Amino acid sequence: MTGASGGLGKEIAIHFSNSGWNVIATMICIKEATVFENISNIKCYELNVASQESIQKAKAQILSDFQSIDVIINNAGVGYRSFVELSEDDKIDGIVKVNYLGVVKVCRAFIPHFREQNKGQFINISSIAGLVNLPLGSFYHSTKKALESFSECMAYELLDFNISVCTVQFGNAPTNFQKNISKCENSTIESYNTMMNSIDGIMNRKTTENHELTQAILDKLLKISENPSKKFRRYSIGFDAHLMKYLRKILGYRIFSRVIRRYVLSK
């Protein structure tokens, strides 16, 4: 699993470990592996998904230690909340390299191993951002939508090799993800500042409200891993994800966007 050193990734690693799985936990800085000290069935590796060299090095180390891999959970991800006008090149490049290209390159690296063993499963962590478009999500949402398309296309290619592919979408789990999101600087444009404050408030409130979401995610990921679907699947977890998914479908683009604008501007 990628992005395992903290937040949801750490919880996933421990949950699978407690359920009897041997967990391969990867992280950008191996010093953070101390969070798994004294857990014998979690083995840690340094892996920066934005670096092809790092991916290949980690792959070689992992395959020298493990003959078989059942599931790869692509969990590593970053956030960037910015107006397009105020966005920065390095932040745009960074989110694309981690959220989209990181998943692409990790999958590409391990497909040959899955083919050789004639089994395997890729679980790509997406978001409700991959289902609907919300304000200030131009970059984060774009990477998650790209991930959805990539995963579905890849699933067709791997049908003959008993390799399962799925995506998992959910809302704001009570982790530090929102606190760690990069944001553009305050602007002299009052409309921008008002919208940013509104979105920040909504996201932070949702994060604190979703008390049961983390456990629901952990249970669902374990169930998916233990029972891989032969066909490509999109799994939505939690009230927010299901609500947004069905509202967008039922209301259509025009009415849905009107509801979102009113909701944001009224905060």
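Trainee: Where does Phe36 lie, and what makes Phe36 count as buried or exposed?

Mentor: In this predicted model, Phe36 lies in the loop between β1 and β2 (42–46). Its relative accessibility is 4%. Buried means under 20%, so Phe36 counts as buried.

Trainee: Which residues does Phe36 touch?

Mentor: Leaving out residues up to four places away in sequence, Phe36 touches Ala4, Lys10, Ala13, Ile14, Ala25, Met27, Ile42 and Cys44. Take Ile14: Phe36 and Ile14 are 22 residues apart along the chain, and their C-alpha atoms are separated by 8.1 Å.

Trainee: Cys44 is on that list. How do you know whether Cys44 is in a disulfide?

Mentor: Look at the sulfurs. A disulfide needs two cysteine sulfur atoms within 2.5 Å. The nearest cysteine sulfur to that of Cys44 belongs to Cys29, and it is 11 Å away, so by the 2.5 Å cut-off Cys44 is in no disulfide. Cys166 is in no disulfide either; the nearest cysteine sulfur, that of Cys107, is 11 Å away. A search of the whole structure finds zero disulfides.

Trainee: And are Cys44 and Cys166 buried, partly exposed or exposed?

Mentor: Cys44 has a relative accessible area of 22%. Partly exposed runs between 20% and 50%, so Cys44 is partly exposed. Cys166 has 2% relative accessibility, which means it counts as buried.

Trainee: Okay, on to the rings. How many aromatic pairs are there, and why is the pair of Phe16 and Trp21 called edge-to-face?

Mentor: The structure holds five aromatic pairs. The ring centres of Phe16 and Trp21 are 5.3 Å apart, and their planes are at 70 degrees. Pairing needs centres within 6.5 Å, and planes over 60 degrees apart count as edge-to-face, so Phe16 and Trp21 make an edge-to-face pair. Phe16 is buried at 5% relative accessible area, and Trp21 is buried at 18%.

Trainee: What sits over the ring of Phe161?

Mentor: That's the charged end of Arg115, 5.9 Å from the ring centre. The distance cut-off is within 6 Å.

Trainee: Last one: which residues touch the most other members of the largest nonpolar core?

Mentor: Ile123 and Val168, out of 29 residues. Elements giving two or more residues to this core include β5 (120–125), β6 (163–170) and α6 (213–226). The largest share, six residues, comes from α6.

Trainee: What does Val168 touch?

Mentor: Not counting residues up to four places away in sequence, its contacts include Ile123, Leu221, Ile224 and Tyr235.

Conventions:
Residues are numbered from 1 along each chain as its sequence is written. This is a predicted model: local features need pLDDT of at least 70, side-chain atom pairs count only at pLDDT 80 or more; totals for chains, interfaces and linings use all residues. Side-chain values use heavy atoms; hydrogens and water are left out. Rings of Phe, Tyr and Trp (its six-membered ring) pair if their centres lie within 6.5 Å; planes under 30 degrees apart count as stacked, over 60 as edge-to-face and the rest as tilted. Buried means under 20% relative accessible area, exposed over 50%, partly exposed in between (1.4 Å probe, protein chains only). A charge sits over a ring if NZ of Lys or CZ of Arg is within 6 Å of the ring centre and within 35 degrees of the ring normal. A nonpolar core is a set of buried Ala, Val, Leu, Ile, Met, Phe, Trp, Tyr and Cys residues joined through side-chain atoms within 4.5 Å. Helices (H or I, at least four residues) and strands (E, at least two) are DSSP runs, numbered from the N terminus. Contact means heavy atoms within 4.5 Å.
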